[in-house]
Every structure is written in C-alpha cells, then in structure tokens.
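Trainee: Pick one part of this model and walk me through it closely, please. I'd like to know what sits there and what surrounds it.

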Amino acid sequence: MATKLNTIVFSIVVLHLLLSAHMYPIYLESPAPQPQPPPSQPQLPHHNNSQYGTTQGSLQPQECGPRCGDRCSNTQYKKPCLFFCNKCCTKCLCVPPGTYGNKQVCPCYNNWKTKSGGPKCP
C-alpha cells in the first residue's frame, strides 16, 4: 500500500513540474545585437528574379498573407482558401502565381495531399 501511495505522490509531483514548466516557460537571455555598419546602398529584398515567391523556400513567413490574399482573391470560398493557403505557404514558403493552377512551380505546395488523396493546397 505504501508503494502505491509513493508512486501516486511521485506521479503527481512529476505531473505538476511538467505542467508548471509548460505554463511558465523559462526564457534565456539572448545576446545583445551587434551594431552593423550602414550599407553603401539600400538593401532591397531578394525580389530580383521573376520566380520570387513562387519557388519553394523563396518567401519569408510574413509574406504568406499577401501572397495568399492574391491567390484566393477570385474564390467564393475565401476563408477556407486563405486558411489552407497560409498553412501550405508556412510549410513550403512559396505560393504559386495566379489565382488557380500553376502548382508545378512549387512541388511542396503541389504534392501535399489530404488523407483521401486530394490536393491540400489551393
């Protein structure tokens, strides 16, 4: 009986520690940013080629919203289109050009399928 009680108490303590660590994460200090010399010319994002944003990994995560807004602009199912487009963009970091088709330029976006085998990404 004492062993069962000890096991229960131990389990409760471990569970409490795990939950409290999850609810109150410990943040470590990050190093202070180092000053950078000013650039000689203004740095523009790497938009210099026509495939920017349409090839896998070429977008930054914060650029998914506007790209998906364009991609889903002609659909009557805007909410689900935006939801899945953003989900796919976050994973693949690309959105095919246009409002329909052109998925071949982004294989990750094209090849991600639902459980039933249909396309996951709009």
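Mentor: Let's settle the vocabulary first: helices (H or I, at least four residues) and strands (E, at least two) are DSSP runs, numbered from the N terminus. You're looking at a predicted model, where local features need pLDDT of at least 70 and side-chain atom pairs count only at pLDDT 80 or more, while totals for chains, interfaces and linings use all residues. Residues are numbered from 1 along each chain as its sequence is written, and side-chain values use heavy atoms, with hydrogens and water left out.

My pick is the loop between H3 and H4, and we'll work outwards from there. To set the scene, the protein chain has 4 helices and 0 strands, running α-α-α-α from the N terminus. Of its 122 residues, 19% are buried, where buried means under 20% relative accessible area, exposed means over 50% and partly exposed is in between (1.4 Å probe, protein chains only).

Now the loop itself. Leu93 sits in the loop between H3 and H4, and its phi is near 55°, a positive value in a residue other than glycine. With 21% relative accessibility, Leu93 counts as partly exposed. Asn102 is also placed in the loop between H3 and H4. This residue isn't a glycine either, yet its phi is positive, at about 60°. At 33% relative accessibility, Asn102 is partly exposed.

Then comes the one I'd zoom in on: Lys103, in the loop between H3 and H4. Lys103 is buried but has no salt bridge, and the nearest side chain of opposite charge, Asp70, is 17 Å away. For the record, a salt bridge here is a side-chain nitrogen of Lys or Arg within 4 Å of a carboxyl oxygen of Asp or Glu; Lys and Arg count as positive, Asp and Glu as negative, and His and the chain ends are not counted. What Lys103 does have is the backbone oxygen of Cys121, 2.6 Å from a polar atom of its side chain. Leaving aside neighbours within four places in sequence, Lys103 is in contact (heavy atoms within 4.5 Å) with Arg71, Pro96, Tyr109, Asn110, Pro119, Cys121 and Pro122.

Two of those names lead us into the surroundings. Tyr109 is one of the residues that touch the most other members in the largest nonpolar core, along with Cys85, Cys89, Cys92 and Val95; the core holds 15 residues. Helix H2 (64-71), helix H3 (78-92) and helix H4 (107-111) are the elements giving two or more residues to this core, and H3 supplies the largest share, with 5 residues. By "nonpolar core" I mean a set of buried Ala, Val, Leu, Ile, Met, Phe, Trp, Tyr and Cys residues joined through side-chain atoms within 4.5 Å.

Arg71, the other name, takes us to H2, where the buried residues are Cys64, Cys68 and Arg71. Looking down the axis of H2, these fall within an arc of 55°, so they line one face of the helix; the arc is that of the directions from the helix axis to the C-beta atoms. That buried set packs against H3 and H4. Over on the other side of H2, Pro66 and Asp70 are exposed.

Last stop is the segment after H4, home of Lys120. Lys120 counts as partly exposed, at 23% relative accessibility. Its C-alpha atom is 7.1 Å from that of Phe84, although the two residues are 36 apart along the chain. Not counting residues up to four places away in sequence, Lys120 touches Phe84, Lys87, Cys88, Trp112, Lys113 and Thr114. Chain-wide, residues 24 or more positions apart account for 50% of the contacts with a separation of 6 or more.

How values were computed: A polar contact is a pair of N or O atoms within 3.5 Å; within protein, one must be able to donate a hydrogen and the other to accept it, and residues adjacent in sequence count only if both atoms are side-chain atoms.
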